[in-house]
Amino acid sequence: MQYRRLGRAGLQVSELSLGSWVTYHNQVGTKAATEMLAAAFDAGVNFFDNAEVYAQGESEVVMGQAFKALGWNRLDYIVSSKFFWGLQRDGVTVNRKDTLNRKYLIQAVDASLKRFQLEHLDLIYCHRPDPNTPIEETVWAMSDIIRQGKALYWGTSEWSAADIRAAWEIAERHHLHKPIVEQPQYHLFHRRRVEQDYARLYEDIGLGLTTWSPLASGLLTGKYRSGIPAGSRGALENMSWMREQLQDKARNDAVGKLSEIAAELGCSTAQLAIAWINRNPRVSTVILGASRIEQLHDNLGALAVTPKLTAEVIERIDAITKPLAA
């Protein structure tokens, strides 16, 4: 495992990391989560990603219980969470949902810390942009959370390049803690934002990336080439909205061609897809997701594949996937 700086910050994160979206509480309980965190940690993973909204807060509870059971030194692992969507409670939405206002952010972080059973989070994100709250208010709130010691760094997730730059410039102007990282979706079929939209931000402000969905919610494993298999993410009722994209014929046909390249390299299609992201020097860490420890071990095997991605192999991969990428 190699470690990379999070943008220009001194914080070093493992090139592969582990996230909890969809799986924790929904598919993975505390015992299985503890086993997977331990396996990831043993492989050199030091960054574990979560969000307030995952399983309506229960994902943070499960991860926090796992951390407590493992008893690691707090210096040895990095924990993140994300805020915007809020938690559904009694139908009340005002200042609870779809916001980045000061009141919500301060109270949401406090509640998150209780669920994790932690004194601080290493990294917090604004999970989506909020057009109804001035960016300046959000920047001040995030900076104050860091000043209070409840978090150490902050960033954004799925923000436009213009909004990220605006937030950074506000922080620069007022000598506040700046956003150092963006968490975008990035995989072979979803490229434009990372490769084009953010291009100037890497040098201009030192933006780091913690990318999510490296396997396009499982499509890039090849498991959906013959439909939705039982027990898969696409079979979950709360994931029904993604079934159409998982069964996209053109992309599944492309995955079939990728599997041929993977076979030549002696790896799985999933490992090939993860390695393709990992070889991008702009990516600080690739966030993996797994519902079984076997999946996690397979995904971690991408580390051995990254050096095999020569210019010729990349050219072949791009010829297959780039015409289908957003």
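At what angle do helix H9 and helix H12 pack, and how far apart are their axes? In this predicted model, H9 covers residues 249-265 and H12 covers residues 311-321, and the two pack at an angle of about 165° with their axes 9 Å apart. Angles over 145 degrees count as roughly antiparallel, so H9 is roughly antiparallel to H12. As for handedness, the crossing of H9 and H12 is left-handed.

Let's look at who does the touching. On the H9 side the contact is made by Ala254, Lys257, Leu258, Ile261, Glu264 and Leu265, and on the H12 side by Val313, Arg316, Ile317, Ile320 and Thr321. Sorted by class, the contact of H9 with H12 has seven nonpolar residues, one polar residue and three charged ones.

Glu264 deserves a closer look. This residue sits in helix H9, and its side chain makes a polar contact of 2.9 Å with the side chain of Arg316, a residue that H12 brings to the helix pair. Is Glu264 buried or exposed? Glu264 counts as exposed because its relative accessibility is 54%, and the cut-off for that label is over 50%. If you want a sense of distance across the model, pick Asp122: its C-alpha atom is 40 Å from that of Glu264, with the two positions 142 residues apart along the chain.

Now for a second helix pair. Helix H1 (residues 30-42) packs against H2 at an angle of about 60°, again with the axes 9 Å apart. H1 and H2 are therefore oblique to each other, and their crossing is right-handed. From H1 come Thr30, Ala33, Thr34, Leu37 and Ala38, which meet Val62, Met63, Gln65, Ala66, Phe67, Ala69 and Leu70 in H2. This contact divides into nine nonpolar residues, three polar ones and no charged ones.

While you're at H2, find Ser59, which belongs to that helix. Ser59 is buried because its relative accessible area is 0%, with buried meaning under 20%. Its side chain joins the side chain of Asn50 in a polar contact of 3.0 Å.

Step back to the loop between strand S4 (47-49) and helix H2 (58-70), and you'll meet Gln56. What is the phi of Gln56? Gln56 has a positive phi of about 50°, although it is not a glycine. That catches the eye because most residues other than glycine have a negative phi. Gln56 is partly exposed, with a relative accessible area of 31%.

Ala216 is another residue to check for its backbone: its phi is near 50°, a positive value in a residue other than glycine. You'll find Ala216 in the loop between strand S9 (208-211) and helix H8 (243-246). Ala216 counts as buried because its relative accessibility is 9%.

Strand S9 itself holds Thr211. Thr211 counts as buried because its relative accessibility is 0%. Which residues surround it? Leaving aside neighbours within four places in sequence, Thr211 is in contact with Pro184, Tyr186, Ile277, Val283, Thr285, Val286 and Ile287. Measuring from C-alpha to C-alpha, Thr211 and Phe41 are 19 Å apart in space and 170 residues apart in sequence.

Follow the chain on to Ser284, in the loop between helix H10 (269-278) and strand S10 (285-288). Ser284 counts as buried because its relative accessibility is 3%. Not counting residues up to four places away in sequence, Ser284 touches Arg4, Arg5, Leu6, Gly7, Val13, Ser14, Glu15, Gly208 and Leu209. One of these, Arg5, offers its backbone oxygen to the side chain of Ser284 at 3.5 Å.

The last stop is Pro129, found in the loop between strand S6 (121-126) and helix H4 (135-147). Pro129 counts as partly exposed because its relative accessibility is 29%. Apart from residues up to four places away in sequence, Pro129 touches Phe84, Leu100, Ser157, Glu158, Trp159 and Asp163. Take Asp163 from that list: the C-alpha atoms of Pro129 and Asp163 are separated by 7.9 Å, and the two residues are 34 apart along the chain.

Conventions: Residues numbered from 1 in each chain as written. Predicted model: local features only at pLDDT ≥ 70, side-chain atom pairs only at ≥ 80, totals over all residues. Heavy atoms only, no water. Helix = DSSP H or I, 4+ residues; strand = E, 2+ residues; numbered from the N terminus. Buried < 20%, exposed > 50% of the residue type's maximum accessible area, 1.4 Å probe, protein only. Polar contact = N/O pair within 3.5 Å; in protein donor to acceptor, adjacent residues only side chain to side chain. Contact = heavy atoms within 4.5 Å. Axes fitted to C-alpha atoms, helices over the stretch in contact; angles between N-to-C directions. Parallel < 35°, antiparallel > 145°, perpendicular 65-115°, else oblique. Left-handed = near helix turned anticlockwise from the far one by under 90°. Nonpolar A, V, L, I, M, F, W, Y, C, P; charged D, E, K, R; others polar.
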